[in-house]
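Trainee: I would like a close look at one part of this structure. Please start from a single residue and work outwards.

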Amino acid sequence: MKYKITLKGRTYEVEVQRGEAMLLDEYDAAAPVPAAPAAPAAAAAAPAAAAPVSAGTKVEAPLPGNVLNVKVSVGQAVKAGDVLVIIEAMKMENEVAAPCDGVVKQIVADKGAVVATGDTLLVI
């Protein structure tokens with residue numbers, strides 16, 4: 001299986017066969033191309049997607065993977081140790097727990113998102 005991974009501005013092409021990974025290519029990631037002006041309905045959705053991360057306790061991804069499930073919603077009260085997000089990495093489900101008591105202020109990574117180690121998942 002071949003994967004293309006972008007991490008900190010570098011893109012890596014990796015091939016994995018029978019548990020062995022081999023780097024095929026490495027290069028600087030291309031700068032994003034500015035989008036053409038969008039229709040008013042699409043323009044209203046764009047600021048929500050690019051919203052800055054709120055102030056508070058940031059819950060970060062402990063490992064790279066795919067977000068399988070976000071088990072909380074904005075405004076929900078959580079206690080330290082509650083499962084907030086489930087990340088799939090290497091075909092294993094990993095639970096991300098709340099580091100403290102509080103209320104969920106913002107959800108940054110939605111279900112289906114691909115996250116890297118240290119990416120902000122949500123803010124309490």
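Trainee: Is Glu-93 buried or exposed? Please take its surroundings from there.

Mentor: This is a predicted model, in which local features need pLDDT of at least 70 and side-chain atom pairs count only at pLDDT 80 or more, while totals for chains, interfaces and linings use all residues. Numbering runs from 1 along each chain as its sequence is written, and side-chain values use heavy atoms, with hydrogens and water left out.

Now your residue. Glu-93 is exposed, at a relative accessible area of 60%. The cut-offs are over 50% for exposed, under 20% for buried and partly exposed in between, with a 1.4 Å probe and protein chains only. Glu-93 belongs to strand 8, residues 92–97. Strands here are DSSP runs of E with at least two residues, numbered from the N terminus.

Look at what Glu-93 touches. Setting aside neighbours within four places in sequence, Glu-93 has contacts (heavy atoms within 4.5 Å) with Leu-68, Ile-86 and Ile-87. Take Leu-68. It is 25 residues from Glu-93 in sequence, yet their C-alpha atoms lie 8.1 Å apart in space.

Step back along the chain. Lys-91 sits in the loop between strand 7 and strand 8. Its phi is near 65°, positive in a residue other than glycine. Met-90 is in the loop between strand 7 and strand 8. Its phi is also positive, at about 55°, although Met-90 is not a glycine. Most residues other than glycine have a negative phi. What about accessibility? Lys-91 is exposed at 79%. Met-90 is exposed at 81%.

Strand 7 leads inwards. It gives the most to the largest nonpolar core, with three residues. Such a core is a set of buried Ala, Val, Leu, Ile, Met, Phe, Trp, Tyr and Cys residues joined through side-chain atoms within 4.5 Å. This one has 17 residues, and Leu-84, Val-85 and Leu-121 touch the most other members. At least two core residues come from each of strand 5 (65–70), strand 7 (83–89) and strand 12 (120–123).

Follow Leu-121. Beyond four places in sequence, its contacts include Val-85 and Ile-87. Val-67 and Val-96 are also among them. So are Ile-107, Val-108 and Ala-109.

Strand 12 takes you into a sheet. Three strands form an open, antiparallel sheet in the order 4-12-10. Strand 4 (58–60) and strand 10 (106–107) stand at the edges with a single partner strand each, so one side of each has no neighbour in the sheet. Pairing requires at least two DSSP bridges between two strands. Strand 10 and strand 12 are joined by two bridges and run antiparallel. Ile-107 faces Leu-122 of strand 12.

For a contrast with the core, turn to strand 1. None of its six residues is buried, so strand 1 lies largely in the open. Leu-7 belongs to strand 1 and is partly exposed, at 41% relative accessibility. Strand 1 pairs with strand 2 (residues 10–17) in the antiparallel sense, over six bridges. One bridge partner pair is Thr-6 with Thr-11 in strand 2. The two strands, 1 and 2, make a hairpin with two residues between them. Lys-8, in that turn, has a positive phi of about 50°.

Conventions:
Helices (H or I, at least four residues) and strands (E, at least two) are DSSP runs, numbered from the N terminus.
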